[in-house]
Amino acid sequence: MSPEEILRVGDQVLVALVEVAGAVVIFVGAGWAAVRFVVEGVRHRSAAVFTPIRLSLGRFLTLGLEFQLAADILRTAVSPTFPQIGQLAAIAAIRTALNYFLRREIDQEQQQVGPAGRTAR
């Protein structure tokens with residue numbers, strides 16, 4: 001195996017690991033939020049109890065999206081072509097916009113929840 005092939009295989013392995021990490025973060029966050037939603041829904045009938053759950057889920061989604069973006073960057077790290085660079089730019093722009101709006105919504109809801117919601121991360 002040539003050094004170039006080793007580098008490509010190593011890059012593919014790293015990309016797969018980072019993508020899996022992002023998917024696991026999102027899956028764990030969604031599972032945790034679903035369980036909390038059911039538990040809190042049985043205990044309370046107020047919609048206000050769900051805001052901290054949404055905040056936590058938003059944090060998991062944001063982190064998962066960051067991992068996915070990192071995987072996309074790694075994918076184009078070894079001898080990228082112009083179409084790959086264009087795809088990366090489009091994906092990065094979309095994921096960055098998603099993260100921005102998600103982060104903004106999290107910040108707004110944290111302000112609504114107040115200091116008690118900030119400590120329950």
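# Reading a four-helix model

Me: Let me start with one residue. Leaving out residues up to four places away in sequence, what does T51 touch?

Reply: T51 touches E109 and V113 once those sequence neighbours are set aside. Please keep in mind that this is a predicted model. T51 is placed in helix 2.

Me: Is T51 buried or exposed?

Reply: The general idea is to compare relative accessible area with a cut-off, and buried means under 20%. T51 has 17% relative accessibility, so T51 counts as buried.

Me: Before more residues, how should I read the whole chain? How many helices and strands does the protein chain have?

Reply: Begin with the elements, then turn to the overall dimensions. The protein chain has four helices and zero strands, and from the N terminus on its elements run α-α-α-α. Along the principal axes, its C-alpha trace spans about 60 × 25 × 20 Å.

Me: What does the radius of gyration add?

Reply: It can be set beside the value for a compact globule with the chain's number of residues. For 121 residues such a globule would have a radius of gyration near 14 Å, whereas the protein chain has 19 Å. Burial gives another view: 28% of the 121 residues count as buried. The accessible surface comes to about 8,000 Å², and carbon and sulfur atoms account for 70% of it.

Me: And what share of the contacts joins residues at least 24 apart?

Reply: Take the contacts between residues at least 6 apart in sequence; 74% of these join residues at least 24 apart.

Me: Let's look at a single helix. How can I check the span of helix 3?

Reply: Compare the expected rise with the distance between the end C-alpha atoms. With 32 residues at 1.5 Å a residue, helix 3 should span 46 Å, and its end C-alpha atoms are 46 Å apart, so the two agree. Just after helix 3, G114 takes a positive phi of about 90°.

Me: Which residues of helix 3 are buried?

Reply: They are L88, R95, N99, L102, I106, E109 and Q110. You have met E109 already, as a residue that T51 touches.

Me: R95 is on that list of buried residues. What forms a salt bridge with R95?

Reply: For a salt bridge, look at the nitrogen-to-oxygen distance, then at where the partners sit. D72 forms a salt bridge with R95, with the closest N and O atoms 2.4 Å apart. This pair links distant parts of the chain, since D72 lies in helix 2 (residues 51–75) and R95 in helix 3 (residues 82–113), 23 residues apart. Both D72 and R95 are buried.

Me: What else surrounds R95, not counting residues up to four places away in sequence?

Reply: On that basis R95 touches L65, Q68, L69 and D72. The C-alpha atoms of R95 and T62 are separated by 9.4 Å, although these residues are 33 apart along the chain. There is also a network of salt bridges, in which E19, D72, R75 and R95 are linked.

Me: How many salt bridges does the count come to?

Reply: The count comes to nine salt bridges.

Me: How do I read a salt bridge inside one helix?

Reply: An α-helix has 3.6 residues a turn, so residues three or four places apart point the same way. In helix 3, R103 and D107 are four residues apart, so about one helical turn separates them. Their side chains meet in a salt bridge at 2.9 Å, N to O. R103 is partly exposed, with a relative accessible area of 34%, and D107 is partly exposed too, with 32%.

Me: Where do E40 and R43 lie?

Reply: Both are in helix 1 (residues 3–43), three residues apart, about one turn of the helix. Their side chains meet in a salt bridge of 3.9 Å, N to O. Here the partners are on opposite sides of the scale: E40 counts as buried at 10% relative accessibility, while R43 counts as exposed at 60%. Leaving aside neighbours within four places in sequence, E40 is in contact with V49, F50 and I53.

Me: Finally, the surface. Which residues form the nonpolar patch that includes V13?

Reply: To read a patch, list its members, then look at the area they expose together. M1, I6, V9, V13, L14 and L17 form this one, with about 590 Å² of accessible area together. V13 lies in helix 1 and is partly exposed, with a relative accessible area of 44%.

Key: Residues numbered from 1 in each chain as written. Predicted model: local features only at pLDDT ≥ 70, side-chain atom pairs only at ≥ 80, totals over all residues. Heavy atoms only, no water. Salt bridge = Lys/Arg side-chain N within 4 Å of Asp/Glu carboxyl O. Helix = DSSP H or I, 4+ residues; strand = E, 2+ residues; numbered from the N terminus. Buried < 20%, exposed > 50% of the residue type's maximum accessible area, 1.4 Å probe, protein only. Patch = residues over 30% accessible without salt bridge, like charges linked within 9 Å, V, L, I, M, F, W, Y side chains within 5 Å. Areas by Shrake-Rupley, 256 points an atom, 1.4 Å probe, with all protein chains shown as cover. Contact = heavy atoms within 4.5 Å. Expected span 1.5 Å × (residues − 1). Rg over C-alpha atoms; globule rule 2.2 N^0.38 Å.
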